[in-house]
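Open the model in your viewer and keep the selection box handy. We'll go stop by stop, and at each one you get something to select and a note on what is there.

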Amino acid sequence: MGGRGRGSRSRTQRKHFRDGRENVWKRPKSDSASSNPNSNNNSENKTHWQPFATQNPAFDEYYKEQGIVAAEEWDTFVEVLRTPLPAAFRINSRLARAGIGGRQGNWEVGSKVDCCLTKYGPRKNEMEGNDTCGCKYGESSQFCEDIKSQLENDFMHSLKAENTDGGEVEAIRPLPWYPNNLAWHSNYSRMQLRKNQTLERFHEFLKLENEIGNITRQEAVSMVPPLFLDVCPDHFVLDMCAAPGSKTFQLLEIIYQSTKPGSLPDGMVLANDLDVQRCNLLIHQTKRMCTANLLVSNNEAQHFPGCRSDKNGSKASEMEFEPQISQLLFDRVLCDVPCSGDGTLRKAPDMWRKWNTGMGNGLHSLQIQIAMRGISLLKVGGRMVYSTCSMNPVENEAVVAEILRKCGGSVELVDVSTELPQLVRRPGVRKWKVRDKDLWLASHKDVSKFHRYHILPSMFPSGKSYIAPANKDLEHENGKSAIFEAGLQPMEDTSTEDLIEEVSDLPWNVEKPSKKKNWLKKNPELQEKISDQITEDNNGLEPDSGDAAVEKISESASEADLIVNEPDEAAMEPDPSNTSDQNDSEEAQTLVNGETDSGKAVGKRKLQIQGKWKGVDPVLFFKDEAIINSIKMFYGIDESFPFDGHLISRNSDKNHVKRIYYVSKSVKDVLGLNFCVGQQLKIASIGLKMFERQTSREGTSAPCSFRISSEGLPVILPHITKQILYASPVDFKHLLQYKAIKFADFVDAEFGEKASKLMMGCCVIVMRDSKAMSDPIKVDASTIAIGCWKGRSNLGVMVTAIDCQELLERLSVRMDAEKGASVQESNVNADEVQLNGASKVEESEITELVADA
């Protein structure tokens, strides 16, 4: 069968990106031309594209009645909604620790492509509006201050008086409420940036820095929720509905603040999203972070597993790497739930024609389920932010009110009105109504008995369900007015921000009265049946006995009461006949050919299984001591770098492991716990790609069969003692400029001689400061290093052209600014260095980059 290789999978994934969302800008064929076949050449009869109508009477009526803005502000409010959304972006504050990243991939001999864009074409990231390529994971923000300085001293001034709309406009400015001027706002929409010639240089700057990973295009309102979480480097953070990943990236940056070079934070981020296609966006976005403190899962948010291990069970004692945690709880939870999205009208004008009241009403129950699941996963003292991109009180205030009612004083709203003082905000509403088709409902009593299955009591401010009075004659006279007034009463404990903190154990976590235990003890047959069911659900864990079993049953019942209509274990299993969607995760691209449920192979590759999750690559601790020792010896990795239990593979065939991932201690503990509880987490991506197997003929003859990945270089660099050289700024720039240089052609002859004596294979080149003349140098946050390949006659970089270009520009700015910098060094001509044709790498000596799907 043809088309089953790497290219086929990439095309399939690209198709999913394209088909994931309706193309609202493309008019149907029926609207693009006249129905008269003879009128094709008649311009008068052609129907030209018309912009979307930015009005909806139902929208106006609904939000005027809800009073989300004052009546005198309504016209201004609607006028803003009708203007295109300006572009915003954030400078990635987390430095690439002592190194740079680069587009990652397999280096294959004889390949003629520099990037997967050449082979497969660009892929449109419709969630963020970026033209991206799957292999461009880029570098983290190694030059954060340089970028900020360029924005402040260059673009702010050069674009200040650009006349694009008939007058002077302030093109860009920092968002005043975001710390350290790291977030910027443009007065131009993405469309204007693309089309306006006067903004071309700025647009090219944004594209390049975004591809490299130095900036992230993110809407200003999307930046707000992570700031209110008050995340610390040692926190366990859960992002429940994380795709497309901009908030997750932001959380990771905060986790890494104040982390020393070569070390990892004690905390971690677990990013979850149910939709497989959106999960791919999340993985692609966060890969640019180059972090070992991230785990991406693909579970239902409302049924996110609690992962509580049985301390007395046999599996925990048999684990080689016993986890240090017995239950997966979090210090911070970001609950950015699915919503109607009517707050995105400025970037999605098709919302005007699609909007109706049923959109918000239909999601209300799911939003409560997800929020309550997030609360149950919080530690005591933990904090959760609930957020939507909707203006609907049914999706916002009503959900928060229901959380407070259900938790019964165990959680409280946190007043953050004094935080980020320059952020413009206003209090939420204290009263609202519910719209059901053409009817306004002030309380649940007004709901028709035929509609009470989807118009719930929790949608109303009172949160009370209607109970018919005993005397039906009094219902019309007294009942309606009393309940109507109660329905409009202001809700107590309402705050201006939807930020929730757990102050005590939740009601369902408190030990239940002993009457239930006595009742179960009096029914031994029922107790035996329930215990057997628990044993089956725990995937083979030893059954509890006596009071322990009763406590577990009570706990399970309480959690079931918390989540409405929670499916049983069988219902949570993925559909065996629907494994195609599961193949889209970044780590599960090899599943195009699989097996049927009967186990009969239908292709060359077997269906991957991760615990109970079919169609997903396994996650295994890598324990091949021979390979690990060869890596340690080849690169001279000192004992201070922890290997034991930190290496992960995604291939159950130990002899064909292509990539080895590295995880932090926190992620290691979560992974160990997941093994103990029967792999309840469906893991789509985990850890940092640290080592890759050499697959070329030249690579297989090297003493070490694995090279250091550019993603993992920043973490492992301070611990490398072999295969590492320190180049002068001039030779370092030449490597970036020419990609490969023969040993005899380096300006520093001593450096060239040292390079020739390295063992064949991967090596690391560190740029030496112009003032530091001795080796080795101290590695810190400002250290710049790249991965290279030592061949028979030359040294070649393992960094792609776009990364080399960006780094060259940064180095030129720095070197020109240094006192005493030699003009001759910064303007070296190619003729001054006798490359003898070595600017092109011989195919037999160094491999070239292709995409990692």
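Here is the tour, from the whole chain down to single residues.

**Before you click**

You're looking at a predicted model, where local features need pLDDT of at least 70, side-chain atom pairs count only at pLDDT 80 or more, and totals for chains, interfaces and linings use all residues. Residues are numbered from 1 along each chain as its sequence is written, and side-chain values use heavy atoms, with hydrogens and water left out.

**Stop 1: everything**

Show the whole protein as a cartoon. You should find 28 helices and 30 strands; helices here are DSSP runs of H or I with at least four residues, strands are runs of E with at least two, and both are numbered from the N terminus. Of the 853 residues, 53% count as buried. For the whole tour, buried means under 20% relative accessible area, exposed means over 50%, and partly exposed is in between, using a 1.4 Å probe and protein chains only.

Switch on a surface if you like: the protein exposes about 39,000 Å², with carbon and sulfur atoms supplying 49% of that. Those areas come from the Shrake-Rupley method with a 1.4 Å probe, and for residues only the protein chains shown count as cover. As for contacts (heavy atoms within 4.5 Å), take those in the protein with a separation of 6 or more: residues 24 or more positions apart account for 77% of them.

**Stop 2: helix α3**

Select residues 57-66, which make up α3. Which residues of this helix are buried? They are Phe 59, Asp 60, Tyr 62, Tyr 63 and Gln 66. Their cover includes α4 (74-81), α13 (351-354), α14 (357-376), β14 (434-436) and β15 (439-441).

Now look at the two ends. At the start of α3, a side-chain oxygen of Asn 56 comes to within 3.0 Å of the backbone nitrogen of Ala 58. After the helix comes Gly 67, with a positive phi near 65°.

**Stop 3: the annotated binding site**

Select Cys 241, Ala 242, Ala 243, Pro 244, Gly 245, Ser 246, Lys 247, Asp 273 and Asp 336, which an unreviewed UniProt entry lists under "binding site". These positions are spread over 96 residues of sequence yet cluster in space, with a largest C-alpha distance of 13.1 Å. UniProt positions are in the numbering used here, feature names are shortened, and annotations may be inferred rather than shown by experiment.

Zoom in on Ala 242, in the loop between β8 (236-239) and α10 (246-256). Ala 242 counts as buried because its relative accessible area is 5%. Leaving out neighbours within four places in sequence, Ala 242 is in contact with Thr 248, Ala 271, Asn 272, Asp 273 and Leu 282.

Ala 243 is also in the loop between β8 and α10, and its relative accessible area of 6% makes it buried. Not counting residues up to four places away in sequence, Ala 243 touches Asp 273, Arg 278, Cys 279 and Leu 282.

**Stop 4: His 235**

Step back to His 235, in the loop between α9 (224-228) and β8. Is His 235 buried or exposed? With a relative accessible area of 10%, His 235 is buried. A polar atom of its side chain lies 3.0 Å from the backbone nitrogen of Cys 232. Beyond residues up to four places away in sequence, His 235 touches Asp 230, Ile 255, Gly 267, Met 268, Asp 331 and Arg 332.

**Stop 5: Cys 389**

Select Cys 389, which UniProt (unreviewed entry) marks as "active site". Cys 389 is in the loop between β12 (378-387) and α15 (397-407), and at 37% relative accessibility it counts as partly exposed. Residues up to four places away in sequence aside, Cys 389 touches Cys 339, Gly 341, Asp 342, Gly 343 and Thr 344.

**Stop 6: a five-stranded sheet**

Colour the strands of the open sheet β19-β20-β21-β23-β24, which pair antiparallel. Two strands pair if DSSP finds at least two bridges between them. The edge strands, β19 (620-621) and β24 (706-708), each pair on one side only. Inside the sheet, β20 (647-649) and β21 (659-662) pair over two bridges, and Leu 647 stands opposite Tyr 662.

**Last stop: Lys 682**

Finish at Lys 682, in the loop between α22 (665-676) and β22 (683-686). At 8% relative accessibility, Lys 682 counts as buried. Add Ser 297 to the selection: 385 residues separate the two along the chain, but their C-alpha atoms are separated by 5.4 Å.

Conventions: A polar contact is a pair of N or O atoms within 3.5 Å; within protein, one must be able to donate a hydrogen and the other to accept it, and residues adjacent in sequence count only if both atoms are side-chain atoms.
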